[in-house]
Protein chains: 2
Amino acid sequence: MARKKSSNESGQTEAGPLRRAPMREFSRSLPMSLLRAREAVMRQFRPSLRNHGLTEQQWRILRALSAVDEIEVTELAHVAFLLGPSLSRILRDLEARQLIERKAAETDARRAVVSISAKGLKLIEAVAPTSEAIYAEITRRYGARKLAELQEMLGALEAGLAGMNSADEAELEADE
Amino acid sequence: MARKKSSNESGQTEAGPLRRAPMREFSRSLPMSLLRAREAVMRQFRPSLRNHGLTEQQWRILRALSAVDEIEVTELAHVAFLLGPSLSRILRDLEARQLIERKAAETDARRAVVSISAKGLKLIEAVAPTSEAIYAEITRRYGARKLAELQEMLGALEAGLAGMNSADEAELEADE
DNA sequence: GGGAGATGATTAACATGTTAAGTAGATTTC
DNA sequence: GAAATCTACTTAACATGTTAATCATCTCCC
């Protein structure tokens with residue numbers, strides 16, 4: 001009866017002979033571990049955000065804006081960890097929904113200064129309690145101390161890889 | 001003077017009076033930590049993949065396929081941690097590039113069975129050395145032991161949050 | 001003070017994430 | 001054994017990720 005392959009993690013033991021030795025048990029690679037962990041966390045928040053008509057990134061932006069009086073777009077991109085083009089689109093939408101306000105910087109007409117609106121603050125206040133409750137439950141389940149330790153290790157990973165970029169790009173054959 | 005706020009991390013100390021107490025230092029939230037850590041890692045791999053005309057997700061799929069003889073689409077989605085629609089599109093493209101092959105399952109015409117082609121394997125072999133070297137360098141910088149510990153903690157986080165959505169969403173398998 | 005280059009932001013183009021709807025084939029139910 | 005239902009994808013529609021190109025300003029330097 002269709003004998004579905006069950007929910008075998010890797011699927012390789014039932015699938016016949018291996019073509020090659022697996023380079024690294026794929027699902028245990030660092031990028032996959034990070035991806036799955038983050039998805040497990042975000043899965044908790046998304047329904048609540050969605051109920052308020054917000055995506056994860058829109059929420060990040062409003063959160064960041066709620067902590068300052070105003071901020072320039074480039075710095076907002078840095079804080080909310082979004083690329084310029086994504087931020088541009090989202091700001092356009094949030095401005096159309098009147099959740100934020102935008103004006104040109106006085107000293108430099110290229111720069112735009114963004115701030116959250118009263119309506120935006122109201123939305124934040126509506127979402128925050130649920131969001132905080134979810135975060136508290138995650139902390140409770142995982143353990144506050146362990147969570148802090150995890151974040152420290154993540155920060156160390158990020159910092160340790162910071163200067164690694166320049167080394168490999170030149171090494172790769174470009175063949176032009 | 002609305003002077004430029006320099007590159008202050010949070011931007012709040014110079015930005016004037018806070019509108020509210022920050023709920024949680026935003027950039028230190030767990031989702032942000034995970035996002036930044038993963039991005040720091042992927043930033044190392046993307047240039048190499050790009051040189052071979054592959055995106056991160058396409059590489060995940062080929063990697064997963066290279067470890068098995070063949071696999072059904074649903075299980076591939078699970079292993080490569082991709083949603084169905086994304087996988088559908090990517091498989092269509094990879095098939096057009098003749099990097100994979102697809103056929104219908106014998107026992108169930110709804111199911112599709114996917115396998116990597118010789119050309120796909122060749123591509124894997126071309127990318128793997130650089131990829132392995134980058135992974136080795138990351139491991140060296142961070143420490144093999146610490147890396148294993150981090151992955152264990154990430155796994156524990158994922159596992160700990162597994163049953164948490166049943167609180168307000170749906171109970172998938174318990175009853176119906 | 002004007003042109004070359006740098007910078008901040010947006011737009012373009014393509015790939016993926018995410019949810020909803022659609023389709024074809026299988027399973028159940030009466 | 002045919003309709004109702006379920007299942008495995010696939011498409012559709014919209015939002016974001018990612019890189020390149022564009023546009024407007026700004027800075028530097030002669």
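Trainee: How do the residues of the surface near DNA strand C divide into nonpolar, polar and charged?

Mentor: This is a predicted model, in which local features need pLDDT of at least 70 and side-chain atom pairs count only at pLDDT 80 or more, while totals for chains, interfaces and linings use all residues. Residues are numbered from 1 along each chain as its sequence is written, chains are lettered from A and ligands numbered from 1 in the order in which they are written, and side-chain values use heavy atoms, with hydrogens and water left out. A residue is near a strand if one of its heavy atoms lies within 4 Å of it, and the classes count Ala, Val, Leu, Ile, Met, Phe, Trp, Tyr, Cys and Pro as nonpolar, Asp, Glu, Lys and Arg as charged, and the others, Gly among them, as polar. On that basis the surface near DNA strand C has eight nonpolar, six polar and ten charged residues.

Trainee: Which side chain has an N or O atom 2.8 Å from a base oxygen of DNA strand C?

Mentor: Polar contacts here are pairs of N or O atoms within 3.5 Å. The side chain of B:R110 lies 2.9 Å from a base nitrogen of DNA strand C, whereas the 2.8 Å pair with a base oxygen belongs to A:R110.

Trainee: Which element gives the most to the surface near DNA strand D?

Mentor: Helices are DSSP runs of H or I with at least four residues, numbered from the N terminus. Chain A contributes two or more residues from each of α2 (56–66) and α4 (84–96). With four residues, the element giving the most is α4(A).

Definitions and conventions:
Polar contact = N/O pair within 3.5 Å; in protein donor to acceptor, adjacent residues only side chain to side chain.
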